[in-house]
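Open the model in your viewer and keep the sequence panel beside it. This tour gives one selection at a time.

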Amino acid sequence: MAGSKPGAPPQTTATGPAATAAAEPVAALLRASLLRARRRVRRAGVDYFRGDGADWLAFAAFLLAIPLLVLLNVWIPAWAPPTALVLPILAGAMLLRPGTLVLLYGAAALGLSTESLIHTGERVASNHPEEYVYGVTPGAALVVGAVGVAGLLVAQFRSRVGVPWRGGGSMLFDLRERIRVQGRVPALPEGWHVDLALRPAGGQSFSGDFVVAARTGPGRRVLEAVLADVSGKGMDAGSRALLLSGAFGGLLGSLPAHDFLPAANGYLLRQDWDEGFATAVHLVLDLDTGEYELLSAGHLPGMQRLAGAGRWEVQEAEGPLLGVYDGAKFDGVRGRLGHGDVLLLCTDGMVEVPGRDLTEGMDRLMGEADRLVAGAQLGAGSRGAAGRLIETVAKDVNDDRAVLLIWRQ
């Protein structure tokens with residue numbers, strides 16, 4: 001045959017180069033189809049967990065699980081009781097929209113009725129009906145129904161919030177981390193050190209106390225830090241603290257130091273919250289000279305330990321609460337941090353105890369801080385000093401607590 005080598009099998013249309021050439025486009029088409037299918041599935045999953053996509057895929061999976069559980073209940077009832085139907089119901093409550101979830105509940109009710117009919121027929125056909133122990137009891141039906149009602153409430157809440165269950169959890173985590181990142185004090189020049197600790201009330205993740213800080217001024221040689229305490233505690237105060245920390249972080253460094261608290265006061269007044277006041281202390285520290293100014297909005301005074309004298313001084317600035325009335329004025333108090341000095345700022349959770357005077361709480365705090373300084377000799381490696389102070393003074397206090405320590409070697 002023409003084109004064939006001696007001793008080689010003859011090439012035909014089915015085995016020759018033409019067949020190979022024809023097979024290659026088919027394989028390429030299959031690969032392209034698989035790739036498009038993967039992209040569609042992945043896009044559908046991403047859209048769903050963002051709250052934008054349809055939930056038909058999850059619904060189909062849970063719908064198929066119901067007849068499977070019914071078959072298992074009929075086949076091995078000891079290992080697959082009727083209450084096993086709560087598994088797709090619970091999963092559906094987390095992933096499906098309320099309308100789709102109702103359809104799943106209808107299928108689950110049909111599956112439960114099928115199990116009841118089959119087991120009732122087997123009991124009647126049994127030679128010893130009184131010994132037949134399997135079937136759908138009223139208690140099992142009640143459990144499945146109660147889980148369904150609870151699941152529908154969860155689905156309606158998710159729908160009202162507007163985020164899917166995984167998206168909602170990740171959103172809260174992201175918000176909490178944003179508060180922490182925004183509250184980090186920037187790195188300071190050699191010889192300066194800072195330590196910060198925040199403890200929410202009741203061991204929760206969100207606190208009404210927060211810190212914002214930034215290096216400002218020419219050459220970024222000025223440290224501005226604001227320690228704020230939002231009224232209330234827990235999640236309610238934490239949500240308002242999240243909003244205020246973003247606003248305060250945007251204002252800090254964008255305005256002259258004496259304009260910050262008036263601008264923050266105006267911002268709170270515009271929110272028109274029922275419980276919208278807050279306290280704050282604004283520190284403006286020159287990192288070259290150590291000179292500082294404290295401006296207060298109804299906040300606790302600052303406390304400075306003078307290394308040379310070995311004693312503490314209270315630096316009390318005057319000013320009204322934020323968010324109470326417009327046109328408030330905030331007067332500052334000036335001081336200087338020398339080498340070895342420590343400046344302590346805190347929120348009222350560190351010193352306020354029912355039945356005890358505020359001055360007594362501040363004296364105890366300064367006494368414990370003095371022992372901490374004398375024992376540890378605060379230096380570059382003294383990270384965690386603020387946290388140890390909270391654990392010593394206010395470990396079991398059911399209030400938000402915050403401590404900011406700044407010292408100069």
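Is Y134 buried or exposed, or partly exposed? Select Y134: it is partly exposed, with a relative accessible area of 34%. Here buried means under 20% relative accessible area, exposed over 50%, and partly exposed in between (1.4 Å probe, protein chains only).

Before moving on, note that this is a predicted model, in which local features need pLDDT of at least 70, side-chain atom pairs count only at pLDDT 80 or more, and totals for chains, interfaces and linings use all residues. Residues are numbered from 1 along each chain as its sequence is written, and side-chain values use heavy atoms, with hydrogens and water left out.

Next, select strand β6, residues 302–306. Helices (H or I, at least four residues) and strands (E, at least two) are DSSP runs, numbered from the N terminus. Of the 5 residues in β6, 5 are buried. G302, Q304 and L306 lie on one side, M303 and R305 on the other.

Add strand β7, residues 311–315, which pairs with β6 in the antiparallel sense over 5 bridges. Two strands pair if DSSP finds at least two bridges between them. Look for Q304 in β6 and its bridge partner in β7, E313. In the hairpin of these strands, with 4 residues between them, G310 takes a positive phi near 70°.

Now add strand β9, residues 342–346: β6 pairs with β9 too, in the antiparallel sense over 3 bridges. The bridge partner of R305 in β9 is V342.

Last, select R240 and W273. R240 lies over the face of W273, at 6.0 Å from the ring centre. The rule asks for NZ of Lys or CZ of Arg within 6 Å of the ring centre and within 35 degrees of the ring normal.
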